[in-house]
Amino acid sequence: MSRTLLTGGAAAVLIATAATSAGAAGHTPQITAPPDKIVIELATVNGSGCREGTAEVAVAPDNTAFTVTYSEYLAQVGPGAPPTAFRKNCQLNLRVHVPSGFTYAIVQADYRGFAFLQPGAWGQERANYYFQGMPQTTQRTHQFNGPHNDNWQASDKTEYADLVWAPCGEKRNFNINTELRVNAGTSNPQTTSFMAMDSTDASVSTLYHLAWQVCPTPKK
């Protein structure tokens, strides 16, 4: 099922601290936002952590954010857990339509959930981002060590010089892959440890930060 997010030009903000480094990075200088609306379609949600019917998408009333909520995105180890339950994954496939002459990159993404980890056990949240037909970016990993019985939160931030920009003049889907992994480590093998993903929040102004720049004018 496809959902659409329309973001007003004024809402798409760039990271202020990155603006001064545009020239040094050799890119066309950043802009505040394209003058027209941006359309983002969540085309598919796939993976062992978000099988059909267990992921819901909600778009903010002001069209500036979307949230993917999971009901079964949980990795666990311990008595009764299937052998494959230690690792779960989910892939979000986005169709992003931007006005002609502009390109974008993801500056930051935030995730959260709950973890119950026995002493000696550990859990990990991993994510990477890439455009269709282009090499995947470096995988970002956040580890949480037991004992842990609380919420967790992880943020992936990218320096301006390392941003991967959408190819100008081409339509390529943007993929966000996430993974949860739990390892019993030195914990008591008769105990259970788990790590769950509650939601993936996205906002062009707060959580999924978009950087924008003008595409170079094609040479005649």
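This is a short talk on the disulfides, strands and cores of one predicted protein model.

Okay, ground rules, quickly. It's a predicted model, so local features need pLDDT of at least 70 and side-chain atom pairs count only at pLDDT 80 or more, while totals for chains, interfaces and linings use all residues. Residues are numbered from 1 along each chain as its sequence is written, and side-chain values use heavy atoms, with hydrogens and water left out.

Let's start with the overall picture. The protein chain has two helices and 13 strands; these are DSSP runs, H or I of at least four residues for helices and E of at least two for strands, numbered from the N terminus. Of the 220 residues, 45% are buried. Buried here means under 20% relative accessible area, exposed means over 50%, and partly exposed is in between, with a 1.4 Å probe and protein chains only. The chain exposes about 11200 Å², and carbon and sulfur atoms supply 52% of that. Those areas come from Shrake-Rupley with a 1.4 Å probe, and for residues only the protein chains shown count as cover. On contacts, meaning heavy atoms within 4.5 Å: if you take those with a separation of 6 or more, 79% are between residues 24 or more positions apart.

Now the disulfides. With the rule that a disulfide is a pair of cysteine sulfur atoms within 2.5 Å, the count is two. Counting bonded cysteines along the chain, the pattern is 1-2, 3-4.

Take Cys-50 and Cys-90, where the sulfur atoms sit 2.2 Å apart. Which hand does this disulfide have? The torsion about its S-S bond is about 100°, so Cys-50 and Cys-90 make a right-handed one. Cys-50 is in the loop between strand E2 (38-46) and strand E3 (55-59), and Cys-90 is in strand E6 (residues 87-97), so the bond ties together parts 40 residues apart in sequence. Both Cys-50 and Cys-90 are buried.

Then there's Cys-168 with Cys-215, sulfur atoms 2.1 Å apart. Here the S-S torsion is about -90°, so this disulfide is left-handed. Cys-168 lies in the loop between strand E10 (148-157) and strand E11 (174-183), while Cys-215 is in the segment after strand E13 (209-214), so the parts being tied are 47 residues apart in sequence. Cys-168 is partly exposed at 34% relative accessible area, whereas Cys-215 counts as buried at 11%.

Stay in that loop between E10 and E11 for a second, since Gly-169 is there too. Gly-169 is exposed, with a relative accessible area of 86%. Its C-alpha is 9.8 Å from that of Val-98, and the two residues are 71 apart along the chain.

Next up, Thr-103, in strand E7 (residues 102-117). Buried or exposed? Thr-103 is buried, at 2% relative accessible area. Leaving aside neighbours within four places in sequence, Thr-103 is in contact with residues including Cys-168 and Cys-215, plus Trp-165, Ala-166 and Trp-212. A polar atom of the Thr-103 side chain lies 2.5 Å from the backbone oxygen of Ala-166.

On to the strands. Strand E8 (residues 122-131) has eight of its 10 residues buried, so it is largely enclosed by the rest of the structure. Strands count as paired if DSSP finds at least two bridges between them. E8 pairs antiparallel with E9 over six bridges, and Glu-125 stands opposite His-142 in E9. E8 and E11 also run antiparallel, joined by 10 bridges, with Arg-126 opposite Glu-179 in E11.

If you're scanning omegas, look at Gly-146 to Pro-147: that peptide bond is cis, with omega near 5°. Pro-147 lies in the loop between strand E9 (140-145) and E10.

Last topic, the cores. A nonpolar core is a set of buried Ala, Val, Leu, Ile, Met, Phe, Trp, Tyr and Cys residues joined through side-chain atoms within 4.5 Å. The largest has 33 residues, and those with the most contacts inside it are Tyr-70, Tyr-111, Trp-152 and Phe-174. E7 contributes the largest share of this core, six residues. Apart from that core lies another one of six residues, among them Ala-105, Tyr-160, Leu-163 and Trp-165. And to come back to the disulfides, the contacts of Tyr-70 beyond four places in sequence include both Cys-50 and Cys-90, as well as Leu-92 and Met-197.

Notes: Polar contact = N/O pair within 3.5 Å; in protein donor to acceptor, adjacent residues only side chain to side chain.
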